[in-house]
Amino acid sequence: MRVKRITSELKNGHRNTGDVYYAWQHFRFPEGTQGFLYCYHDLRLPSTTGEIRFRVTPTSDPASFKNGFDLLRPDGVLPWSVPVLLSKTPFRELAIQESLIDSKTMIRLRKDTSSALLTFLEQPFVISLETATHYVYILTPQGFIKNCALNRFFMNPSNHNLSSLKGKLLVRFEQADSTEPVSAYAIVMRVLKVIEPIEPLVEDNLILHLIPTPGTLMKHFSRGRIQLRTFESPALRLLPSLTGTSPPPSLLHGPEHPSLKSRRTFFRSPTRTISTLDPSRLEPSDFNILSGMKAVYILGRSDVTLTKPARVTYTVVSGEEIPFPPDTHGFFYLHLNPRLPLLSGQIRFRVMPCNDPAQFENGFDLSDANGQPWCLDAVQIAHSVSFSTLKEQLRHGGYTEFMQALSTIPKTRNARRKLYYLEQPFVMDLSYEDYTLFSMLADRIRHSNLHSPFRDARCRWVAINKTPPYTGQIVVRFERSTLPEHAGGNFVVIRVLKILDPVKPVDPHYDNFIEVPRVGELVLNSKRRLDSYDLDTRHVLAGLKDLPSVPDVEPDLTAFVPVDARKVT
């Protein structure tokens with residue numbers, strides 16, 4: 001039977017009963033709560049820090065103790081426990097009998113859910129972000145109780161009595177590391193786990209706080225700078241430090257709500273306001289959550305005069321807009337490689353776990369449904385009426401040369417594979433027989449038709465199958481040929497850079513007349529020779545001839561995502 005409390009009586013010749021509740025809210029003990037009450041004590045700490053726990057066991061046989069597990073609190077994270085020093089419980093009397101504590105020592109705690117009892121500095125505890133004040137009780141080695149009040153972590157700037165965010169975190173205090181930009185004696189707080197998802201409590205598109213994520217230290221804004229949140233309470237310095245203590249794996253793993261597991265309620269308005277597209281000048285308020293949105297509207301800050309927002313979508317399939325994938329949260333930014341042509345610049349979306357711009361390099365670029373980097377390319381930025389506000393944002397951001405390059409680019413439609421330099425990686429679907437490539441030049445756009453180098457042109461194969469012999473997707477690029485017979489000519493070859501979708505033969509009994517593409521190798525023809533193309537004589541590829549060549553730039557393949565790793569709703 002599920003009960004709200006345990007009533008205990010000591011077998012010591014006199015009665016001393018007391019009630020012990022599962023939680024202050026008088027929750028019922030969970031189904032299947034059977035086993036033994038026992039005293040847990042870390043031998044590195046004084047006996048006064050001991051606590052009573054409940055070991056759930058399959059049987060009433062004490063031998064099954066080791067096979068059991070500790071009962072958890074209602075939050076499902078920390079073990080249920082009662083301090084042995086707590087007054088008005090039978091456990092205190094038993095601890096006195098067994099000389100664990102002195103008979104004059106007792107403690108009283110506030111009966112609320114925002115208090116925690118710490119016996120050492122690095123002890124994990126739970127905080128609720130919308131609670132006004134957290135009371136942390138310090139149980140010193142001498143058995144004295146000190147309290148430390150932690151005020152609201154994420155204050156609502158328009159009402160200091162309210163919080164901007166809600167959610168629950170598992171955290172712990174730590175002595176600041178010598179590498180951190182704070183006093184060597186400062187105490188900081190580390191986030192261990194997100195117990196309940198973090199969501200805003202105010203309808204505001206600007207996130208003015210750094211969203212905490214597991215493994216990071218709590219930070220805040222002070223005088224326009226991002227700083228570590230430090231805690232100066234003298235009571236915390238009374239706690240012993242068990243340096244090097246790691247929380248049990250059970251606290252850090254298992255079911256949890258990721259802090260940025262996006263819900264449509266996170267931002268009800270689809271309009272986003274950004275201050276810059278320069279990755280070196282991003283602010284936490286530029287952080288955007290796009291998950292599940294079919295379209296978002298981007299506005300610049302007040303220094304941009306245009307008020308019509310830019311409408312940005314993820315992709316369109318068969319005329320229907322597809323929502324942004326789950327966990328799409330991060331920053332819009334202009335991706336420019338100074339070693340590549342200006343027209344190769346793109347507005348991309350950097351996916352990040354938190355809204356700290358300092359972590360930009362630790363994020364990754366969002367990919368589209370085809371595994372390529374999702375982007376707004378130069379043609380879209382230059383000629384889409386909807387993107388006028390983005391152009392103004394770039395102009396105000398100091399991208400003058402890029403804007404001048406955009407002014408010369410001609411308009412085109414349905415240019416799927418755009419190449420801005422000869423060695424630019426692109427995706428090749430092996431089930432296609434032909435590919436149309438668009439060379440994006442400063443004053444014109446030229447297209448080229450590339451016949452698939454993986455076609456099997458044998459009459460019997462074509463008559464029976466009528467398709468290329470393989471399926472799958474690969475990332476390739478053109479390279480200048482270095483073969484002796486091509487010296488002095490304008491020959492290019494194709495190199496395989498990455499496999500996005502496993503290459504499989506259409507016919508399980510295919511004889512490999514056409515070689516299977518392999519990463520790092522050049523593509524061979526049916527005669528097992530390099531498949532090369534003379535750009536001076538192959539008129540169908542003449543559009544590649546005028547592209548600038550940048551052979552020594554390492555291809556960025558991180559944003560080309562394999563099929564099994566893509567998240568598309």
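Q: How many strands are in the open sheet with strand 25, and in what order?
A: The open sheet has four strands, ordered 19-24-25-26, and the pairing is antiparallel. Strands here are DSSP E runs of at least two residues, helices are H or I runs of at least four, both numbered from the N terminus. Two strands pair if DSSP finds at least two bridges between them.

Q: Which strands stand at the edges?
A: Strand 19 (288-289) and strand 26. Each has a single partner strand, so one side of each lacks a neighbour in the sheet.

Q: Before going on, what kind of model is this?
A: This is a predicted model, where local features need pLDDT of at least 70, side-chain atom pairs count only at pLDDT 80 or more, and totals for chains, interfaces and linings use all residues. Residues are numbered from 1 along each chain as its sequence is written, and side-chain values use heavy atoms, with hydrogens and water left out.

Q: How many bridges pair strand 24 with strand 25?
A: Six, in the antiparallel sense. H335 has Q346 as its bridge partner in strand 25. L334 is bridged to I347.

Q: And strand 25 to strand 26, how many bridges there?
A: Two, and these strands also run antiparallel. Strand 26 covers residues 364-365. Its D365 stands opposite R350.

Q: How many residues of strand 25 are buried?
A: Six of the six, so strand 25 is largely enclosed by the rest of the structure. Buried means under 20% relative accessible area, exposed over 50%, and partly exposed in between (1.4 Å probe, protein chains only).

Q: Which residues point which way from strand 25?
A: Q346, R348 and R350 point one way. I347, F349 and V351 point the other way. All are buried.

Q: Switching to confidence: which elements have the lowest and highest mean pLDDT?
A: Strand 1 (residues 5-8) has the lowest, 50, and strand 25 (residues 346-351) the highest, 94. pLDDT is the predictor's confidence in each residue, from 0 to 100.

Q: What is the mean pLDDT of the protein?
A: The mean is 78, and 77% of the residues reach 70 or more. Over residues 253-268 the pLDDT is below 50; beyond near neighbours in sequence, the model gives this stretch 42 contacts. A contact means heavy atoms within 4.5 Å.

Q: Now helix 5. Which of its residues are buried?
A: In helix 5 (residues 400-408), F402, M403, A405 and L406 are buried. They span an arc of only 160° around the axis, which puts them on the same side of helix 5. That arc is taken from the directions from the helix axis to the C-beta atoms.

Q: What do those buried residues pack against?
A: Strand 24 (329-335), helix 3 (378-383) and helix 4 (388-396).

Q: Which exposed residues sit on the face turned away?
A: E401, Q404 and S407.

Q: Another sheet: in what order do strands 28, 31, 32 and 33 come?
A: They form an open sheet in the order 28-31-32-33, with antiparallel pairing. Strand 28 (426-429) and strand 33 (532-534) stand at the edges with a single partner strand each, so one side of each has no neighbour in the sheet.

Q: How many bridges join strand 32 to strand 33?
A: Three, and the two run antiparallel. V492 has Y533 in strand 33 as its bridge partner.

Q: How many helices and strands does the protein have?
A: Six helices and 33 strands. Buried residues make up 48% of the 569 residues.
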